[in-house]
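Colleague: Could you take a close look at a single part of this model and describe how its residues pack?

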Amino acid sequence: MDVLLVEDDPMIVSTLCGLLEGEGYRVRAVGRQDDAVATLAETAFDLALLDVTLAQGNGFAVCAAAREAHPSMPVIFLTASDDEFSTVAGLDMGAVDYVAKPFRARELLSRIRAALRRSGGADSVLAAGDVRLDASSATVTKGGREVFLSALEYKLLLYLLQSKGRLVTRENLRDAIWDSAGEYVSDNSINVYIRRLREKIEDDPADPAIVVTARGLGYKVGD
C-alpha cells in the first residue's frame, strides 16, 4: 500500500514514516501544498494523510487536488484537537476521516485500515484457521457457521486478525481498543476478554491454535 503524507513538521514526518513503514506501507512525504499537488498529478496512492496547516499552502487545497486526480482514494486529515472548523470542512470536502493531534499510533493505524477497507484498498475478509471475519458485513464464521460476538469481542478479533503474524502486546490492545474511549483496562481484564473470545472461536480454548499466547509478551495470530 502506498501512502502520501503531507506534513511539514519534521518530527511528525519522521514518527509517521517509521510507524507506517514498520507496518508494511510505502510512504512518500512532502511538506508543501504545491509539491503535494504535483505529486498527486504524477503518482497514484492508496491513501493520503493530510495536515490541515502547512508552511506553504494548506491541506484543503491538497484534498481538492486529490479528489480531482484520484476520486476513489481515501483522504484522512490530521487536525489540531480543538479545531472543529477544520474537521467539519475536511469532511465536507470528501475526507473519509480525521485524526486529532496528538494522536495514538495504534488508533491512527486502525483508522487507516478502516479507510482502506471501505475503499476496497484492503481485503474485507480476514481469516485464521477456519475462522473468517467479513468486515464489510461485520460477521464472523467458524467452519462456515456464524459466531455471535459482543461488540468488544468483535473489535478484539478484528484487531488481532489485522495484526496477523505479528506480536500484539497488551499495551497495543489498550491503545487500539480501550484507550481511545478513555478507559484503562488491567492485564487481568484483557486476559478475561481473550478467554471469552477463545471460547467462541477455538476448537479447544484450553489449547488455542488461533489466538496464541506469547508468554510474558502478548498474543499472536498465525495461519
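Modeller: Contact here means heavy atoms within 4.5 Å. This is a predicted model, in which local features need pLDDT of at least 70 and side-chain atom pairs count only at pLDDT 80 or more, while totals for chains, interfaces and linings use all residues. Residues are numbered from 1 along each chain as its sequence is written, and side-chain values use heavy atoms, with hydrogens and water left out.

The part I would pick is Asn172, found in helix H7, residues 170–178, where helices (H or I, at least four residues) and strands (E, at least two) are DSSP runs numbered from the N terminus. Leaving aside residues up to four places away in sequence, Asn172 touches Arg106, Tyr159 and Leu167. Asn172 has a relative accessible area of 14% and is therefore buried, a term that means under 20% with a 1.4 Å probe and protein chains only. The side chain of Asn172 also reaches the backbone nitrogen of Thr169 at 2.9 Å, within the 3.5 Å allowed for a pair of N or O atoms in a polar contact.

As for the surroundings, the largest nonpolar core (buried Ala, Val, Leu, Ile, Met, Phe, Trp, Tyr and Cys residues joined through side-chain atoms within 4.5 Å) has 28 residues, and Leu173 and Val140 are among those with the most contacts inside it. H7 is one of the elements that give two or more residues to this core, as are helix H8 (187–201) and helix H6 (151–162), and H6 gives the most, with seven residues.

Methods
Buried means under 20% relative accessible area, exposed over 50%, partly exposed in between (1.4 Å probe, protein chains only). A polar contact is a pair of N or O atoms within 3.5 Å; within protein, one must be able to donate a hydrogen and the other to accept it, and residues adjacent in sequence count only if both atoms are side-chain atoms.
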